[in-house]
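These are my notebook entries on one structure, written down in the order in which I looked things up.

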Amino acid sequence: MTEPASFQVRVRAPIDDVWHALIDPGALRIWLSEYAEVDLPSRYEFWGRYTPDGAVPRQRLLTAEDHVLRFAWTVDGTETVVELELAEDGDGTSLSYSQTGLPDFAALMADSDSPLGMMHTFWALAVANLVDHVEGRPITARCDLTSPVMREEVRIDAARPEVYRSITDPAAFTRWFGARIEAEMRVGGRWAMGSLEQDPEPAKIVDLVPDGRMTLAYEEGIVTSWELEDSGGGTKLTFVQSGFSDGKPPYGSWMGWLSGLAELRRFHEVDMWLPIWVDVHLDGMPEGLIALDGK
């Protein structure tokens, strides 16, 4: 175990609106979980198919006052403590997350699809959806941890060539995704999160159609693809991850990708866009890296 995993995000909504979304069970069922029950100051529970180790509620409320929510959450037999703290930030809100009891980055990379290993990207996706919800936007996606199908359709209010450039231009990709991308943008070219020189097994670009689609294939057989279509003046993006054993879907990285798609939508749709991520920390993990290795 290591220091608490943590991050901070900016929210363009008043602090009371964000606090309500954190403690109202109806709101929780929209951005966080399939089921939620809250009865302050004694009960705060959520569970269901969108929650790691979520067959039953496993949370124990510690405090919910002064814009600080803290609860114990036993995940796969290990007790962790989650804290969500809000602070006013001009006309908006700063939200800080931390969680104790999680694996360090090396252990996470070795087992990122265990319930504990999923916590980092689970909260990245959950908070991305929370931000959209309180800002009056539809959430991007939730990860069904009972399904082996990894396919998501997202509508983006931007022209197809603009969206295509944002996923194929490494500099643009790096801006919205929050992690450095290097790529040789041609069929047969290499694609790496971080550096091509430092990645011993970069993905290979196996399909690339201008303004249409891009497909990456990884050494272990996983295939990740983006396909774009015109949709009502905007773009429908179909994002698919395949090539894995149905018995062991890579939920951890999939949730990281989905949190990235939420930021891609914001990148194109929010006036005067800034990334929601202000600071990210997980011992041994580069700041800004939400989707792990992207696989």
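**Entry 1: a tryptophan.** I began with Trp-191 in this predicted model and asked whether Trp-191 counts as buried or exposed. Its relative accessibility is 2%, and because the cut-off for buried is under 20%, Trp-191 counts as buried. I found Trp-191 in strand 10. Setting aside neighbours within four places in sequence, I listed its contacts, among them Phe-173, Ile-181, Glu-182 and Ala-183, and also Pro-202, Met-214, Tyr-218 and Trp-257. For a sense of distance along the chain, I also checked Glu-85, which is 106 residues away from Trp-191 in sequence, and the C-alpha atoms of the two are separated by 37 Å.

**Entry 2: the sheet around strand 10.** Which strands make up the sheet, and in what order? I read seven strands in an open sheet, ordered 8-14-13-12-11-10-9, with antiparallel pairing. Strand 8 (151–156) and strand 9 (181–183) stand at the edges with a single partner strand each, so one side of each has no neighbour in the sheet. On average, neighbouring strands of this sheet are turned by 25° against each other, direction ignored. Strand 9 is joined by three bridges to strand 10 (residues 190–193), and the two run antiparallel; within this pair, I noted that Glu-182 stands opposite Ala-192 in strand 10.

Two helices pack on this sheet, and I took them in turn. Helix 6 (residues 170–177) touches strand 9, strand 10 and strand 13 (223–231), and its direction makes about 160° with that of strand 9. Helix 7 (residues 251–269) touches strand 8, strand 10, strand 13 and strand 14 (234–242), and its direction makes about 10° with that of strand 8.

**Entry 3: domains and core.** I noted the division of the chain into domain 1 (5–144) and domain 2 (151–248), whose centres, taken over C-alpha atoms, are separated by 28 Å. I then asked which residues of the largest nonpolar core touch the most other members. This core has 84 residues, and the ones that touch the most other members are Leu-95, Trp-123 and Trp-191. Helix 4 gives the most to this core, with 11 residues. Both domain 1 and domain 2 give residues to the core, so it lies between them. For Leu-95, not counting residues up to four places away in sequence, I wrote down contacts including Phe-7, Val-9, Val-18, Leu-84, Leu-86, Val-127 and Leu-130.

**Entry 4: helix 4.** Because helix 4 came up in the core, I examined it separately. Helix 4 (residues 119–134) has 16 residues and reaches 22 Å from its first C-alpha to its last, close to the 22 Å expected at 1.5 Å a residue. Of the 16 residues of helix 4, 15 are buried, so the helix is largely enclosed by the rest of the structure. Gly-136 follows helix 4 and has a positive phi, near 80°.

**Entry 5: the hairpin of strands 2 and 3.** In a regular strand the side chains alternate between the two faces of the sheet. I looked for this along strand 2 (residues 35–39), where Ala-36 and Val-38 point to one face and are buried, whereas Tyr-35, Glu-37 and Asp-39 point to the other and are not. Strand 2 forms a hairpin with strand 3, with three residues between them. Five bridges join strand 2 to strand 3 (residues 43–47), the two running antiparallel, and Tyr-35 stands opposite Trp-47 in strand 3. Pro-41 lies in the loop between these strands, and I noted that the peptide bond from Leu-40 to Pro-41 is cis, with omega near 10°.

**Entry 6: backbone angles and one threonine.** Where does Asp-76 lie? I placed Asp-76 in the loop between strand 5 (68–75) and strand 6 (78–89), and its phi is positive, about 55°, although Asp-76 is not a glycine. Met-272, likewise not a glycine, has a positive phi of about 50°, and its place is in the loop between helix 7 and strand 15 (277–281). At 78% relative accessibility, Met-272 counts as exposed.

My last item was Thr-63, found in strand 4 (residues 59–65), which at 17% relative accessibility counts as buried. Not counting residues up to four places away in sequence, Thr-63 touches Val-68, Leu-69 and Arg-70.

Terms used. Residues numbered from 1 in each chain as written. Predicted model: local features only at pLDDT ≥ 70, side-chain atom pairs only at ≥ 80, totals over all residues. Heavy atoms only, no water. Pairing = 2+ DSSP bridges. Helix = DSSP H or I, 4+ residues; strand = E, 2+ residues; numbered from the N terminus. Axes fitted to C-alpha atoms, helices over the stretch in contact; angles between N-to-C directions. Contact = heavy atoms within 4.5 Å. Buried < 20%, exposed > 50% of the residue type's maximum accessible area, 1.4 Å probe, protein only. Domains from an automatic or database assignment. Expected span 1.5 Å × (residues − 1). Core = buried A, V, L, I, M, F, W, Y, C linked by side-chain atoms within 4.5 Å.
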